[in-house]
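Q: I'm new to reading protein models. Could you take me through one part of this one up close, the nonpolar core, and show me how it fits into the rest of the chain?

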Amino acid sequence: MAGVRDRTEDLKDTVRAVALSLEYEDSKIASIQSSFIIRKPKQKSPFTKAALKTGESIEALDKFIVKHRKDYVERNRTSEQERDSIEHEVGVFIKACKEQIDILQRRIKDEDKNGTSRPWLGIISDNSQADLVAHRHGVVLILSERLHVVTAKFDQLRAIRFQEAVNRATPRRKPQKVSVSHSSDASRSTRAEVRELDEFPPEPLRVQQQLLDDETQALQVELSSLLDTVQETETKMVEMSALNHLMATHVLQQAQQIEFLYDQAVEATNNVAMGNKELTQAVGRNSSSKTFLLLFLFVLTFSVLFLDWYS
C-alpha cells in the first residue's frame with residue numbers, strides 16, 4: 001500500500017497530450033480538463049422527470065389539505081361557500097394527479113410496446129429491459145398509493161363535515177314545529193285578549209280577523225313543511241356527494257389492485273420464459289448424453305470384437 005500514489009495528474013497530462021496531438025482547440029481542451037473537476041450531472045429521463053413532478057404535486061396537495069384542515073372542519077372559521085371552494089380545489093388537485101399517473105402508465109405501455117425505452121445501466125438485454133419496466137411500474141404504484149393516502153386523509157375530513165351537516169339538519173325540525181305551535185298559541189292568546197277588551201266587535205271585523213288568522217296559520221304550516229323538505233334534500237345531496245367520493249376512492253383502490261395483478265402477470269411471464277429456457281437446455285443435455293451413450297456402446301462393442309479377433 002505504501003507504493004500506491006495518485007495518478008490523476010498523469011491522466012490529465014496524458015489527456016492534454018492526446019488532445020494536442022489530435023489538434024483540438026484550446027477551448028475544447030479547457031472544457032475536457034474542466035470535466036475532471038466538475039462532472040456533468042446525469043440527464044434524467046422524461047419518465048423520471050414526469051414522476052418527480054407528479055410526486056411534487058401530491059406533496060403539494062397534502063400540504064394544502066393540512067393547511068386548510070381547520071378551515072374545512074370547523075364551521076365557525078369559514079362559511080359554507082369557502083368550504084365548498086376548498087373541496088373543489090382539492091378535487092381538482094386529485095383529478096390532475098390521477099391524470100398524471102395515467103399518463104405515466106400509458107408511457108410505460110407505449111415504450112414497452114415500441115421498445116424505445118433506454119436500457120437499465122446501458123446494458124442491452126431482455127432482462128434489463130424487463131427490470132426497467134418493472135421498476136417503472138413500481139414507481140407508478142408508489143405514486144398511486146401515496147395519492148390514495150392523501151385522498152383518504154381528505155375523506156376523513158369530508159366524513160366529519162358530513163356528520164356535522166347531518167347532526168345540524170336532524171334536530172332542526174322538531175324545534176321548528178314547536179315554534180309553529182307556539183306561534184299559533186300566541187295568536188290564539190292575542191285573539192282572546194282582543195275579545196276580552198272588545199266584547200262586542202263588529203261582525204265583519206271578527207270574520208275578517210278569523211280568516212286572516214287561518215291564512216297565517218296555514219302559511220306557517222306550509223313554510224314549515226317546505227323547510228323540512230329543503231333540509232331533507234340538503235341532507236340527501238350531502239350523502240350523494242360523500243358516496244360519490246367514496247366510489248371514486250374504491251375505483252382508485254381497484255386500479256391499484258389491477259396494477260399489482262399486472263406486475264404479478266409480468267413476473268409470471270418472465271418465470272415461464274426462464275422455465276422454457278431451462279427445459280430447452282435440459283433437452284439439449286439429454287440428447288447429448290444419449291449420443292455419448294451410443295458412442296460409448298459402439299466403441300465398447302468394437303473393442304470386444306477387436307479383442308475377440310485378436311485372440
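A: Here's a walk from the whole chain into its core, with a stop at one annotated stretch at the end.

Keep in mind that this is a predicted model. The chain is built from eight helices, with zero strands, so to speak α-α-α-α-α-α-α-α when you read the elements from the N terminus on. Of its 311 residues, 20% count as buried. The accessible surface adds up to about 23500 Å², and carbon and sulfur atoms hold 61% of that.

Now for the core. The largest nonpolar core has 22 residues. Who sits in it with the most contacts inside? That would be Leu61, Ile65 and Val90. Four helices give two or more residues to this core: α3 (46-67), α4 (69-73), α5 (80-114) and α6 (126-169).

Let's zoom in on Val90. If you set aside its neighbours within four places in sequence, Val90 is in contact with Leu61, Phe64, Ile65 and Phe154. Two names there, Leu61 and Ile65, also appear with Val90 among the residues with the most contacts inside the core. Contacts across long stretches of sequence show up in the chain as a whole, too: among contacts with a separation of 6 or more, 79% link residues 24 or more positions apart.

One last stop, towards higher numbers. An unreviewed UniProt entry annotates residues 292-310 as "transmembrane region". In the model, that stretch is 100% helix and 0% strand, and its end C-alpha atoms lie 26 Å apart.

Technical notes: Residues numbered from 1 in each chain as written. Predicted model: local features only at pLDDT ≥ 70, side-chain atom pairs only at ≥ 80, totals over all residues. Heavy atoms only, no water. Buried < 20%, exposed > 50% of the residue type's maximum accessible area, 1.4 Å probe, protein only. Contact = heavy atoms within 4.5 Å. Areas by Shrake-Rupley, 256 points an atom, 1.4 Å probe, with all protein chains shown as cover. Core = buried A, V, L, I, M, F, W, Y, C linked by side-chain atoms within 4.5 Å. UniProt positions renumbered as here; feature names shortened; annotations may be inferred.
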